[in-house]
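This report follows the contacts and the burial of side chains in a single protein. The sequence and the structure come first, and the discussion then begins directly with one pair of charged side chains.

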Amino acid sequence: MAFMVKSMVGGQLKNLTGGLGGEDKGDGEKSPAEAQGMTREEYEEYQKQLVEEKMERDAQFTQRKAERATLRTHFRDKYRLPKNETDDSQIQLAGGDVELPKELAKMIEQDNEEEEEKDSVIGQLTSIQNLDLDSLKDKAQATLEDLKQSAEKCSVM
């Protein structure tokens, strides 16, 4: 608050006096805090906040990268693809135990359920229903006729 009052009143006071005061330093002689119009304590606090915000952003970014690497690793395991060392290192950087976001975990769970249904007996029965029974019947009859003809030609029987 003192900064705001000083900047408002000080600027107007310099305009009135025409900048004749001896306290004005050259622009090259100002410290970084004075150059931004802050006291040294305010400037140090501002710098601490910047560092903390950067650390938080970096941590979030590392977490996201690890989540993506976990997802890629899951799909590599699922489809039996070779492992990637960079994904493993990203997971290690994030602390090793990375959980997927809820949406991604839900998608993976749905994929697993669909695969289990396909692998189950009921899934096999539904695939049988999709078969063309007439063509299957025709193939079976043609095979039987071929067997009968080959049996008639056989001299042992």
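## The Arg76–Asp87 salt bridge

In this predicted model, Arg76 and Asp87 form a salt bridge whose closest N and O atoms are 2.4 Å apart. The pair links distant parts of the chain, with Arg76 in helix α3 and Asp87 in helix α4, 11 residues apart. Both partners are buried; for Arg76 this follows from a relative accessible area of 18%, because the limit for a buried residue is under 20%. The contact between the side chains of Arg76 and Asp87 also counts as a polar contact, at 2.4 Å.

Helix α3, in which Arg76 is placed, spans residues 40-78. Once its neighbours within four places in sequence are left aside, Arg76 is in contact with Leu81, Pro82, Lys83, Asn84 and Asp87.

## Other salt bridges

A search of the whole structure finds five salt bridges. As a general matter, side chains of opposite charge can pair when their charged atoms come close. One of the five joins Lys78 to Asp111, with the closest N and O atoms 3.9 Å apart. This pair, too, links distant parts of the chain, since Lys78 lies in helix α3 and Asp111 in helix α5 (residues 102-119), 33 residues apart. Asp111 has a relative accessible area of 27% and is therefore partly exposed. Salt bridges that share partners join Arg72, Arg76 and Asp87 into one network.

Another salt bridge, between Asp58 and Lys54, has its closest N and O atoms 3.1 Å apart. Here both residues lie in helix α3, four residues apart, which is about one turn of the helix. An α-helix has 3.6 residues a turn, so residues three or four places apart point the same way. Asp58, at 38% relative accessibility, counts as partly exposed, and Lys54 is likewise partly exposed, with a relative accessible area of 44%.

## The two sides of helix α4

Which residues of α4 are buried? They are Asp87, Gln90 and Ile91, and because they cover an arc of only 100 degrees around the axis, they lie on the same side of α4. What covers these buried residues includes α3, the helix that also holds Arg76, the salt-bridge partner of Asp87.

On the other side of α4, Glu85, Gln92 and Leu93 are exposed. The helix is followed by Gly95, whose phi is positive, near 115 degrees.

## Between α3 and α4

Arg80 is placed in the loop between α3 and α4. Its phi is near 55 degrees, a positive value in a residue other than glycine. Most residues other than glycine have a negative phi. At 77% relative accessibility, Arg80 counts as exposed, whereas Arg76 is buried.

Asn84, one of the residues in contact with Arg76, is partly exposed, with a relative accessible area of 27%. The side chain of Asn84 makes a polar contact with the side chain of Thr86, at 3.0 Å. The C-alpha atoms of Asn84 and Ala69, which are 15 residues apart along the chain, are separated by 9.2 Å.

## An aromatic pair

The count of aromatic pairs comes to one. The rings of Phe75 and Tyr79 have their centres 6.4 Å apart and their planes at 15 degrees, so the pair is stacked, as planes under 30 degrees apart count as stacked. The two residues fall into separate accessibility classes: Phe75, at 29% relative accessibility, counts as partly exposed, while Tyr79, at 51%, counts as exposed.

## The protein as a whole

The protein has seven helices and zero strands, and its elements, taken from the N terminus on, run α-α-α-α-α-α-α. Of its 157 residues, 10% count as buried, and Arg76 and Asp87 are among the buried residues. The accessible surface comes to about 13,900 Å², of which 54% belongs to carbon and sulfur atoms.

Among contacts between residues at least 6 apart in sequence, 49% join residues at least 24 apart. The Lys78–Asp111 salt bridge, described above, joins residues that are 33 places apart.

Note on methods. Residues numbered from 1 in each chain as written. Predicted model: local features only at pLDDT ≥ 70, side-chain atom pairs only at ≥ 80, totals over all residues. Heavy atoms only, no water. Buried < 20%, exposed > 50% of the residue type's maximum accessible area, 1.4 Å probe, protein only. Contact = heavy atoms within 4.5 Å. Areas by Shrake-Rupley, 256 points an atom, 1.4 Å probe, with all protein chains shown as cover. Polar contact = N/O pair within 3.5 Å; in protein donor to acceptor, adjacent residues only side chain to side chain. Phe/Tyr/Trp six-rings, centres within 6.5 Å; stacked < 30°, edge-to-face > 60°. Arc of directions from axis to C-beta. Salt bridge = Lys/Arg side-chain N within 4 Å of Asp/Glu carboxyl O.
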